[in-house]
Amino acid sequence: MRQILSIGILTLFLIQIGFSQSIENFVDSTIKVDSLNVPTDLKQAYFPKEILPEVTTEWIMENDTTYSIKTKVKIGTYDEFVANWYSEHLHAMKEPLLFNRKIDKEIYRFTWLRTFDKPMTFRFEKRNEKYILYWKVLNGAGGYEPGEIEIERLKILTEKEWTEFTQLIGKADFWNMDLGRSSIGTDGSEWIMEGVNQTNYRAVIVCSPSQGNFFNACDYLISLTNLKILEKKKY
């Protein structure tokens, strides 16, 4: 279970190093996919190595009552455990890869893995003047076996809804957010957001957010569906 540390005032300082996110760095025509760009090899990772480096965490004592956490990307590494975990669920969802080829549209995908609850993904696409939200729910659990697809839906949306979402993701400064997964807990949730357009691809991870611009952007996608999720389950 997540450990709650109550040592005075806990302040988190996250210091990480970014990588280039040009789609040119990730395009790979050797990856075997079907007509929908879903990988046919179950061992194929959904994230390029440069996007998911290992992260080290160090506790620093500021004074008798205050601690800070310093996280740092380990250059040239790949968090294979996390990549395999996330990819296993995306394979079960039969989701397309987003980094392996150039596209003529813009896509954001929020993958939501809660330890004890059903895995979900929400993929918002814009192509020309068409806006479509796809969502899928598995019958497994985010921290365990993914299970199989239980719900698969899509919804035609409007430019207004796309604009509202992209404003939220802009407030979160998505394209400049830190890379890698840093977490001080065990159980909780993984909020994984990918974005791709004609020039860039990026994936970022936030563990168990409860507020803030990134949380609001992800929560907005959930609100656009017909899923009924209790607020206490939005962890």
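**Talking through a predicted model**

Buried residues make up 47% of the 235 residues in the protein chain, and the model is a predicted one.

Colleague: How many helices and strands does the protein chain have?
Modeller: Let's walk along it from the N terminus: the elements run β-β-β-α-β-β-β-β-α-β-β-α. Tallied by kind, the protein chain has nine strands and three helices.

Colleague: What is the mean pLDDT of the protein chain?
Modeller: Keep an eye on the start, as pLDDT stays under 50 over residues 1-19. For the protein chain, 87% of the residues reach 70 or more. The mean pLDDT is 87.

Colleague: Is Cys218 buried or exposed?
Modeller: The cut-off for buried is under 20% relative accessible area. Cys218 has a relative accessible area of 0%, so it falls under that limit. Cys207, at 22%, is partly exposed. Cys218, then, is buried.

Colleague: And how many disulfides are there?
Modeller: A disulfide is a covalent bond between the sulfur atoms of two cysteines. The test here asks for a pair of cysteine sulfur atoms within 2.5 Å. By that rule, the count is zero.

Colleague: Why is helix H3 described as largely enclosed by the rest of the structure?
Modeller: H3 covers residues 213-223, and its buried residues include Phe214, Phe215, Tyr220 and Leu221. Among the elements covering the buried residues of H3 are strand S4 (106-114), helix H2 (159-171) and strand S8 (189-196). H3 is called largely enclosed because of its buried share: eight of its 11 residues.

Colleague: Which strand gives the most to the lining of the second largest pocket?
Modeller: That pocket has a volume of about 580 Å³. Strand S5 (120-127), strand S6 (130-138) and strand S7 (149-157) each supply at least two residues of its lining. With five residues, the one giving the most is S6.

Colleague: How many charged residues does the lining of the second largest pocket have?
Modeller: The lining is made of 30 residues, and those nearest the pocket's centre are Leu36, Pro96, Lys105, Arg123 and Glu125. Sorted by class, 15 lining residues are nonpolar and four are polar. The charged residues number 11.

Colleague: What share of the contacts with a separation of 6 or more comes from residues 24 or more positions apart?
Modeller: Here we leave out pairs with a separation below 6 and look at the rest of the contacts in the protein chain. Residues 24 or more positions apart account for 67%.

Conventions:
Residues are numbered from 1 along each chain as its sequence is written. This is a predicted model: local features need pLDDT of at least 70, side-chain atom pairs count only at pLDDT 80 or more; totals for chains, interfaces and linings use all residues. Side-chain values use heavy atoms; hydrogens and water are left out. On a 1 Å grid over the protein atoms alone, a cavity is a set of points where a 1.4 Å probe fits but cannot get out, and a pocket is an open set with protein on both sides within 12 Å along at least five of seven lines; lining residues have an atom within 4 Å of a point. Grid points are joined across faces, edges and corners, and a volume is the space filled by probe spheres set on the points. Helices (H or I, at least four residues) and strands (E, at least two) are DSSP runs, numbered from the N terminus. Ala, Val, Leu, Ile, Met, Phe, Trp, Tyr, Cys and Pro count as nonpolar, Asp, Glu, Lys and Arg as charged, and the others, Gly among them, as polar. Buried means under 20% relative accessible area, exposed over 50%, partly exposed in between (1.4 Å probe, protein chains only). Contact means heavy atoms within 4.5 Å. pLDDT is the predictor's confidence in each residue, from 0 to 100.
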